[in-house]
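Dear colleague,

I am handing over the structure below, and after it you will find an account of what turned up when I went through it. Please keep the 3D view open while you read, and look up each residue as it is named.

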Amino acid sequence: MVVASATPKRSEKLQGIELPIIDLSGERSEISKLIVKACEDYGFFKVINHGVHQDIIARMEEESLNFFSKPVAEKQQAGPANPFGYGCKNIGFNGDIGEVEYLLLHNNPLSIAQASKSISNDPTKFRSAVSCYIKAVRDLACEILDLIAEGLWVHDTSLFSNLIRDVDNDSLFRINHYPSLVLCKDNIRDTKIGFGEHSDPQILTLLRSNNVDGLQISLYDGVWIPVSPDPTAFCVNVGDLLQAMTNGRFVSVRHRALSNSYQSRMSMAFFGAPPLHAKIITPPEMVTHGEPSLYKPFTWAEYKKTAFSLRLGESRLNLFRKSRNDLEDA
Ligand code: OGA
Ligand code: NI
């Protein structure tokens, strides 16, 4: 049975670690080394001086707030998120529930234009804010992927970024709103699971939020590291596909978001994904005699189908790992 609005378990521990903050205005070869190290150690880091204009962010934030402050009945006209549009509490198709409402959009211009009609009273303005925001963050994601390829000494430094530059790329944009919780009896402050523990299935995620905390990452079972909010930075995290393409050298880290009774949190996530038919292959530079390729080749469509059939917290990438016999034959 699915328990709605679960609270974090009592046995969990919090660990106070500041994640790496990478200044993108620095020297290129230095930045690429720092990014690779952060992806290996945490699968998660923050970038500052990222070049995405503040007004692009502010416009997107304003449009999102306009939407979430509408009456429920009006918001529901943009739903259900099947798969795109407005969703409330239900995350995905397999019974995952959290204290969150969201808008899920495909980054394809036609799809954005269509969705804008039921989201905003001024669809052209909404569409323009989303398109500008997506273009800016997709460029940033590509830049980071090129730096990653350089830092890994992958010969074709556009190998990863070309997957999300492709006209048929399947990248998504998600705006999450975690309304502040009603205080419990006796005014006891409370936190609840807003978005349950998961890894992101795509290549790379760029997330930014307002100045309200709630995001946590887990490097070990049951131990959570709170990520301090910084509206001027982007949090970057490795997705399952990048873990596969780096032959497990990078980790697609598990994370979650909590909602609280202090303030509402709003986050915007761009998930960089390849075209559906793209084959996810580990480049030869990532495979050596001592480190044979860990994953079977698969397409993004195959991976997505598997992810959609499972609960949010499932470790889906394990299903694509080669067996011991496959490894010995290689
Ligand atoms: C997500 C996610 C975290 C947040 O949308 O995949 O992990 O802070 N969101 O909203
Ligand atoms: Ni996520």
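The residues that line the largest pocket divide into 25 nonpolar, 16 polar and nine charged. Please bear in mind throughout that this is a predicted model.

That pocket has a volume of about 900 Å³, and of the 50 residues in its lining, I91, G92, L104, R174 and F195 lie nearest the centre. Several elements each supply at least two residues of this lining, among them the strands β5 (96–106), β6 (172–178) and β7 (191–198), as well as the helix α8 (300–309). The largest share, five residues, comes from β4, the strand that covers residues 85–91.

The second largest pocket holds about 540 Å³ of space, and its lining consists of 22 residues, of which A6, K9, I193, G196 and E197 lie nearest the centre. The elements that give two or more residues to this second lining are β5, β7 and β12, with β7 providing the largest share, namely three residues. By type, the lining of the second largest pocket divides into eight nonpolar, six polar and eight charged residues.

The next thing to find is the nickel ion (ligand 2), and a useful question to hold in mind is which residues are its protein donors. They are H198 and H255, each through NE2, together with D200 through OD, and they lie 2.1 to 2.2 Å from the ion. Along the sequence these donor residues follow the spacing H-x1-D-x54-H, and the two histidines link distant parts of the chain, since H198 belongs to strand β7 and H255 to strand β12, 57 residues apart. Are these two histidines buried or exposed? With buried meaning under 20% relative accessible area, H198 counts as buried because its value is 8%, and H255 counts as buried because its value is 7%.

The two strands that carry those histidines also belong to an open sheet of five strands, in the order β1-β10-β9-β12-β7 and with mixed pairing. The edge strands of this sheet are β1 (13–14) and β7, each of which pairs on one side only. β7 and β12 pair in the antiparallel sense over five bridges, and within this pair I193 stands opposite L258 of β12.

β6 deserves a separate look. Seven of its seven residues are buried, so β6 is largely enclosed by the rest of the structure. In a regular strand the side chains alternate between the two faces of the sheet. In β6, L172, R174, N176 and Y178 point one way, while F173, I175 and H177 point the other way, and all are buried. β6 pairs with β5 in the antiparallel sense over six bridges, where H177 is the bridge partner of E101, and seven bridges join β6 to β13, which also runs antiparallel to it; there, Y178 stands opposite R265.

Finally, to set these parts in the whole, the protein has nine helices and 15 strands. Its radius of gyration is 20 Å, close to the 20 Å that the globule rule gives for 330 residues, so the protein is as compact as a globular protein of that length. Its C-alpha trace spans about 60 × 45 × 40 Å along the principal axes, and buried residues make up 51% of the 330 residues.

With best wishes

Conventions:
Residues are numbered from 1 along each chain as its sequence is written. Chains are lettered from A and ligands numbered from 1 in the order in which they are written. This is a predicted model: local features need pLDDT of at least 70, side-chain atom pairs count only at pLDDT 80 or more; totals for chains, interfaces and linings use all residues. Side-chain values use heavy atoms; hydrogens and water are left out. On a 1 Å grid over the protein atoms alone, a cavity is a set of points where a 1.4 Å probe fits but cannot get out, and a pocket is an open set with protein on both sides within 12 Å along at least five of seven lines; lining residues have an atom within 4 Å of a point. Grid points are joined across faces, edges and corners, and a volume is the space filled by probe spheres set on the points. Helices (H or I, at least four residues) and strands (E, at least two) are DSSP runs, numbered from the N terminus. Ala, Val, Leu, Ile, Met, Phe, Trp, Tyr, Cys and Pro count as nonpolar, Asp, Glu, Lys and Arg as charged, and the others, Gly among them, as polar. Donors are N, O and S atoms within 2.8 Å of the metal (3.2 Å for Na, K and Ca); water is not among the atoms, so sites may look incomplete. Buried means under 20% relative accessible area, exposed over 50%, partly exposed in between (1.4 Å probe, protein chains only). Two strands pair if DSSP finds at least two bridges between them. The radius of gyration is taken over C-alpha atoms; the globule rule is 2.2 Å times the number of residues to the power 0.38.
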